[in-house]
Amino acid sequence: MKTKILVLLSLFSFSALAIDHEMEALVRSDLANMPVTEKVTLTNLVSEDSFDGEFFKIVKGKSQDAVKFSEEKHLTFRAATAYYHLMKARSFFVDVVKSEYVKNIPKMTIRIEHSNQFSELGHFAHDNLEPQFNNALTIPAGKGLESRGVQPWGMEIWFRPSKKINIKDLRVNNLQQQEFQVLLSQFRDQIRMQSLQRFLSNIAVAYTNNDYQGPSPFSQESLIRTVGSTLIIEAGYLLMDPLTKMLSRKWYWLDTAMIPEIIYHEYSHAALSDALVLSHSTAVIEGMADFFAGQIADSPKLATRIKKYNTYNGKNAKRKQDYMIQFEMQDYANTDFVFGMLWEMKKVVGDKQGLDFMYSLRKNITTNSGIRNELIEGILNTCDEMCEMPFNDKIRILKALNLKGL
Ligand SMILES: [Zn+2]
């Protein structure tokens, strides 16, 4: 009886807190999966007039105050889109995956239009230190630095401002004067393992500095994960309207707070962070985040693309790839090989239990896991725990991996 009253009470206080608000956001259309502007309901808000919710608070840049509904459209449209898709990603992990960890993640601060680099000690690096554009990242919680007045912070997701860069303005060695299509196909064919997003943000850095000297002008931040491996971003990207415009006008940019797949990818990093710590980018941590981003997106069109174009086993992939030792290394860490591999593994263990399997897998690997050793071992250990017939299923898994040179 006592519990009943408590439950009723807590339900009451919950509903008294949760405010809904209707607003325009960018979503994917059901069939074609194209971006469309739609009126959506933002749920679980705790404020009548700002993007302050029970689970997420959307702020601009370094601010601690939630973006107000009354602010300029450029800001509110991005805030609404990020909030809406973050809520979708969270309920995927809480309601579908049934993750206790995600259910208990404290309210997260989400920064949009935020260009400061991340500093482990200071939270934000100095404003003058190489501002960041066209990417997104999830940062781990920090203790702060009392002597410098830096408050402790929780896990946060940062979306960078987009920055349009015309190909003509690039001062990039051998890339100079090249058409976007050539660049993109060069990226696809030769830099396959790097993320498109990283590629684009490097170009932005190059543009800012005007003294680009090589393929990786990586700031300290790039040691932390920036968003995504090739495929999920590319698949999402190719389904965006702006791409067509971009191709014809030779402009580059990535408005990360507006791309659902990127929002899901970043939130997946947060959701998996009980096992996969947010320290740096590796093939395994990016592949896992992409896998869940693809599951949250739950679009047949996207799934078809992933199936067709993934380099692990896609029919239409320009360059299908067997395992190479380079995939384990830092510069190649964003390979979509792991993503394709996990996507395939879900089918091998059975679509029905595949999702639980992949979520449990995180416990049997770490951010530093290599593909050939720890990831495979993790998959086999997870199968011991979860497969209906571990002996037979492990043989099937090993057979599938073997075909890819693993
Ligand atoms: Zn990532």
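Let me start with helices α12 and α13, residues 351-361 and 371-386. In this predicted model, their axes come within 9 Å and cross at roughly 125°. That makes α12 oblique to α13, since an angle of that kind falls outside the ranges for roughly parallel, roughly antiparallel and roughly perpendicular. The crossing of α12 past α13 is right-handed.

Which residues meet there? On the α12 side they are Gln-353, Asp-356, Phe-357, Ser-360 and Leu-361. On the α13 side they are Leu-375, Gly-378, Ile-379, Thr-382, Cys-383 and Met-386.

Staying with α13, the buried residues are Ile-371, Leu-375, Ile-376, Gly-378, Ile-379, Leu-380, Thr-382 and Cys-383. Leu-375 and Ile-379, for example, are buried and also take part in the meeting with α12. What covers the buried residues of α13? The cover includes α12, together with α9 at 283-297, α11 at 337-349 and α14 at 390-403.

Next, the metal. The zinc ion has three protein ligands here: His-265 through NE2, His-269 through NE2, and Glu-286 through OE, at 2.1 Å. Along the chain, the donors follow the spacing H-x3-H-x16-E. Where do the two histidines sit relative to each other? Both are in helix α8, residues 260-271, and because they are 4 residues apart, about one helical turn separates them. As for exposure, His-265 is buried at a relative accessible area of 0%. His-269 has 2% relative accessibility, so it counts as buried too.

Now a residue that belongs to another helix. Lys-88 lies in α2, residues 73-96. Is Lys-88 buried, partly exposed or exposed? With a relative accessible area of 35%, Lys-88 is partly exposed. Leaving out residues up to four places away in sequence, Lys-88 touches Tyr-264, Ile-296 and Ala-297. There is also a sequence-distant pair to point out: Lys-88 and Pro-260 are 172 residues apart in sequence, yet their C-alpha atoms are 9.8 Å apart in space.

Two backbone entries for anyone going through the torsions. Asn-44 is not a glycine, but its phi is positive, about 55°. Asn-44 is placed in strand β2, residues 35-45, and is buried, with a relative accessible area of 14%. The other entry is His-123, whose phi is near 75°, again a positive value in a residue other than glycine. His-123 lies in strand β6, residues 123-124. With a relative accessible area of 5%, His-123 is buried.

To finish, the chain as a whole. How many helices and strands does the protein chain have? The count is 14 helices and 10 strands. There are 406 residues, and 56% of them count as buried. The accessible surface comes to about 18,200 Å², with 53% of that belonging to carbon and sulfur atoms. On contacts, take those between residues at least 6 apart in sequence: 70% of them join residues at least 24 apart.

Terms used:
Residues are numbered from 1 along each chain as its sequence is written. This is a predicted model: local features need pLDDT of at least 70, side-chain atom pairs count only at pLDDT 80 or more; totals for chains, interfaces and linings use all residues. Side-chain values use heavy atoms; hydrogens and water are left out. Donors are N, O and S atoms within 2.8 Å of the metal (3.2 Å for Na, K and Ca); water is not among the atoms, so sites may look incomplete. Buried means under 20% relative accessible area, exposed over 50%, partly exposed in between (1.4 Å probe, protein chains only). Contact means heavy atoms within 4.5 Å. Accessible areas come from the Shrake-Rupley method with a 1.4 Å probe; for residues, only the protein chains shown count as cover. Axes are lines fitted to C-alpha atoms, for helices over the stretch in contact, and angles run from 0 to 180 degrees between N-to-C directions. Angles under 35 degrees count as roughly parallel, over 145 as roughly antiparallel, 65 to 115 as roughly perpendicular and the rest as oblique. A crossing is left-handed if the near helix is turned anticlockwise from the far one by less than a right angle, and right-handed if clockwise.
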